[in-house]
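Here is my notebook for this session. I kept the entries short and wrote down what I looked up, in the order I looked.

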Protein chains: 2
Amino acid sequence: MTLKLYELVGTDENRPFSPFVWRTRMALAHKGLAAQSIPWCFTEKEAIAPHRSDKVPVLLDGEKPIVDSWVIANYLEDAYPDRPSLFGGEGGRAVGRMLNWWGDVTVVGGIFPRIVADIPGHLKPVDAAYFRKSREARLGKPLEEVTANRDKAVEGFRKSLDPLRLTLRSQSFLGGATPNYADYIVFGPFQWARVVSPFRLLEEGDPVYSWRERLLDAFDGMARQSPGHEV
Amino acid sequence: MTLKLYELVGTDENRPFSPFVWRTRMALAHKGLAAQSIPWCFTEKEAIAPHRSDKVPVLLDGEKPIVDSWVIANYLEDAYPDRPSLFGGEGGRAVGRMLNWWGDVTVVGGIFPRIVADIPGHLKPVDAAYFRKSREARLGKPLEEVTANRDKAVEGFRKSLDPLRLTLRSQSFLGGATPNYADYIVFGPFQWARVVSPFRLLEEGDPVYSWRERLLDAFDGMARQSPGHEV
């Protein structure tokens, strides 16, 4: 088996930062699978077009391309059934679809406006220009205006994590006593923020902060050792 | 086996309305278990005090009391393992804890201020007085003030259901192709609303509306046949 993973990077090829790629990175580690990294930048659309995608992650298993982090997680679960399960059974996979949307809407969507202005500084000029233009068109204002009130706005984001916070009262991970893909869904966006932004999304003392620490330590500290900020 | 279920009712003993009891009712039906109903009203605290609870649902399995809808679901899954699974495996149970909190925070919490003023009309005078006093103390204003702007405020509630709505793009139920406890967690609050309030929480055409219809039809229309409003 030869696995290769297209990963979003900026000026530093060793600093992957996509929240979705980080979900896949954690899933691969969970399965005990190594993948060769193929660094990819925002404007390199033609590099992945043959794999029928314009976004990453794109996983290549031999010649076979698998596109989209949720599809990749399902593929890994089915293609490598003898390795540790990502979902803990079909019920976990089914409700995982909902958690994946919660992660996209609430976590990615809640973090994005808090860190977006920190991203262009990590990018090559051509990618920074593309990123700023496309995101400002979507947001309707300069990136710096979006993040300007983040010290206050982050309170709403923290509150939105209550279902996770309350769950951590009775179990260490969303997956139970040990982490699984449910955790990586939510952790990926936090790792994205850690890599590109010095902004403190979580307060120490928050159970979500401790949970993030445990995931930073997972797989011999894989996520913690990846270049990022102290958060 | 003799199962008995304390169920919250008002003036009509055949109109159980607690969102949490409805989770348990659906779970019992899923397991193919019949339980004798014990109607219970808000102020009858002494009736369930011997079972170490001041809230319902309280399930009695023989002499053994089980308290709290989440605990009951776990109990039923473990005590009746040969019957259809509520969680679809341990992964589904683990992440189900998170979905249960999402259901409490987002769904129960989002519906409550839209329907609360409709509840006292279903209660006996002593319970209506208790309900109004305790809830108005919590809310800091008359119940009618809380619901006054509901035609507008419901839009935020509908938006908060996006993770469910998006999930229904690719599967019929949170449990996958067929419903399981993940669905009952979210459906219970909708059935609560249907029983006590004529207010339309969902718009026809919303995938969440269609999903609710499917659950109203489940178990030979058990929830639909229970007295309630057309919603």
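**Entry 1: the interface**

How much area is buried between chain B and chain A, and what percentage of it do carbon and sulfur atoms give? I get about 2,000 Å², with carbon and sulfur atoms giving 73%. Buried area here is the accessible area (1.4 Å probe) that two parts lose on being put together, summed over both. In chain B, I see V95(B), M98(B) and W101(B) losing the most area to chain A, together 30% of what that side buries.

A note on bookkeeping: this is a predicted model, where local features need pLDDT of at least 70, side-chain atom pairs count only at pLDDT 80 or more, and totals for chains, interfaces and linings use all residues. Residues are numbered from 1 along each chain as its sequence is written, chains are lettered from A and ligands numbered from 1 in the order in which they are written, and side-chain values use heavy atoms, with hydrogens and water left out.

Next I counted contacts, meaning heavy atoms within 4.5 Å. I found 25 residues of chain B in contact with 25 residues of chain A.

How many salt bridges are there between chain B and chain A? The count is zero, taking a salt bridge as a side-chain nitrogen of Lys or Arg within 4 Å of a carboxyl oxygen of Asp or Glu. For polar contacts, the rule finds six residue pairs across the interface, both residues at pLDDT 80 or more. A polar contact is a pair of N or O atoms within 3.5 Å; within protein, one must be able to donate a hydrogen and the other to accept it, and residues adjacent in sequence count only if both atoms are side-chain atoms.

Which elements give two or more residues to the side of chain B that touches chain A? They are α4 (90-115) and α8 (162-167) of chain B. Helices (H or I, at least four residues) and strands (E, at least two) are DSSP runs, numbered from the N terminus. The largest share of that side, eleven residues, comes from α4(B). I sorted the residues of this side into 13 nonpolar, nine polar and three charged. For that split, Ala, Val, Leu, Ile, Met, Phe, Trp, Tyr, Cys and Pro count as nonpolar, Asp, Glu, Lys and Arg as charged, and the others, Gly among them, as polar.

**Entry 2: symmetry**

I laid chain B on chain A: the RMSD is 0.0 Å, after a turn of 180 degrees and a shift of 0.0 Å along the axis. The two copies are thus related as by a two-fold rotation axis. The superposition is by least squares on the C-alpha atoms of residues with pLDDT of at least 70 in both. The same surface serves both copies, as 100% of the contact residues of chain B recur in chain A. Which residue of chain B comes closest to the rotation axis? I find G92(B), at 1.8 Å (C-alpha).

**Entry 3: buried residues in chain B**

Is D183(B) buried or exposed? D183(B) is buried, with a relative accessible area of 0%; buried means under 20%, exposed over 50%, and partly exposed in between (1.4 Å probe, protein chains only). D183(B) sits in helix α9 (residues 181-196). Leaving aside neighbours within four places in sequence, its contacts include W211(B) and L215(B).

S18(B) belongs to the loop between β1 (3-8) and α1 (19-30), and is buried at 3%. Its side chain reaches the backbone nitrogen of V21(B) at 3.0 Å. Beyond four places in sequence, S18(B) is in contact with L8(B), V56(B) and W192(B).

D206(B), in the loop between α9 and α10 (207-225), is buried at 10%. A polar contact of 2.8 Å joins its side chain to that of R165(B).

**Entry 4: backbone oddities**

I looked up omega for two peptide bonds. The bond from V56(A) to P57(A) is cis, with omega near 10 degrees, and a cis bond also joins V56(B) and P57(B), with omega about 5 degrees. P57(B) lies in the loop between α2 (45-48) and β3 (58-61).

Then phi. D68(B) is not a glycine, yet its phi is positive, about 95 degrees; D68(B) is partly exposed at 37%. F219(B), in helix α10, also has a positive phi, about 50 degrees, without being a glycine. F219(B) counts as partly exposed at 28%.
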